[in-house]
Amino acid sequence: MRRRQTTSKQSTRCQGRTKSGKPCGAAATEGGLCFFHANPNKAAELGRMGGQKNRHHGLGFADPPQDLNTAKAVKEECARLIENVCTGTVSPRIAACVGALLNLQMRVIHDRSGSPSRKIRTSTQ
Ligand SMILES: [Zn+2]
């Protein structure tokens, strides 16, 4: 006993599209759009609430990095970050942010310790 519901389902599907451009497909309300597409501000509101909730749930660092003044320390922190993301200790959003900062810190360290051009210039003068 198989009932074909595709036609009736399609008519109640949301006509909107997701951020990635795919058909939304969520259950539509009267206007032919789902709740979020009919109320885009509500979605943003809920998203904000969700973000705040995540923060309260401690998806940040339990023990923030203390000393990142050496390339070795930054490297170790990178490894720890990867481990924490994989185990779900740190949210991917925070990890992306920290990852970018670690990248920056690594560059700063390299600039400070290994700027041979400047060293050569001062020694030859
Ligand atoms: Zn929708």
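**Exercise 1. Work out where T18 stands between buried and exposed, and which part of the chain it sits in.**

Step 1. Start with the neighbour count: T18 has 13 other C-beta atoms within 10 Å. This is a predicted model, so the count comes from predicted coordinates.

Step 2. Compare with the cut-offs: 20 or more would make a residue buried, and 12 or fewer would make it exposed. T18 is therefore partly exposed.

Step 3. Now place it. T18 belongs to the loop between helix 1 and helix 2. Its C-alpha is 9.0 Å from that of H37, a residue 19 positions away in sequence.

**Exercise 2. Do the same for C24, then list its contacts beyond four places in sequence.**

Step 1. C24 is found in the loop between helix 1 (6–11) and helix 2 (35–38).

Step 2. It counts 16 other C-beta atoms within 10 Å, so C24 is partly exposed.

Step 3. Skip the neighbours within four places, and C24 touches C14, G16, R17, T18, C34 and H37. For H37, 13 residues along the chain, the C-alpha separation is 8.7 Å.

**Exercise 3. Check the length of helix 4, then sort out its buried and exposed residues.**

Step 1. Helix 4 covers residues 71–87, which is 17 residues. At 1.5 Å a residue the expected span is 24 Å, and the end C-alpha atoms are 24 Å apart, so the two agree.

Step 2. Pick out the buried residues of helix 4: V74, E77 and L81. They take up an arc of only 55° around the axis, which means they share one side of helix 4.

Step 3. Here is the general reason: an α-helix has 3.6 residues a turn, so residues three or four places apart point the same way.

Step 4. Flip to the other side of helix 4, and you get the exposed residues K72, A79, E83, C86 and T87.

Step 5. See what comes next: helix 4 is followed by G88, with a positive phi near 80°.

**Exercise 4. Explain why L81 counts as buried, and find its contacts beyond four places in sequence.**

Step 1. L81 is part of helix 4.

Step 2. L81 has 20 other C-beta atoms within 10 Å, so it is buried.

Step 3. Leave out the neighbours within four places, and the contacts of L81 are V90, A95, V98, G99 and L102.

Step 4. Take G99 from that list. L81 and G99 are 18 residues apart in sequence, with 7.7 Å between their C-alpha atoms.

**Exercise 5. Sum up the fold of the chain, and say where the confidence is lowest and highest.**

Step 1. Count the elements: six helices and zero strands. Reading from the N terminus gives α-α-α-α-α-α.

Step 2. Look at the packing. Of the 125 residues, 7% are buried. Among contacts with a separation of 6 or more, 28% join residues 24 or more positions apart.

Step 3. Turn to confidence. The chain's mean pLDDT is 76, with 62% of the residues at 70 or more. Helix 1 comes lowest, at a mean of 50, and helix 4 highest, at 90.

Step 4. Zoom in on residues 6–10: pLDDT stays under 50 there, and the model gives them zero contacts beyond four places in sequence.

Conventions: Residues numbered from 1 in each chain as written. Predicted model: local features only at pLDDT ≥ 70, side-chain atom pairs only at ≥ 80, totals over all residues. Helix = DSSP H or I, 4+ residues; strand = E, 2+ residues; numbered from the N terminus. Expected span 1.5 Å × (residues − 1). Arc of directions from axis to C-beta. Contact = placed C-beta atoms within 7 Å. pLDDT = per-residue confidence, 0-100.
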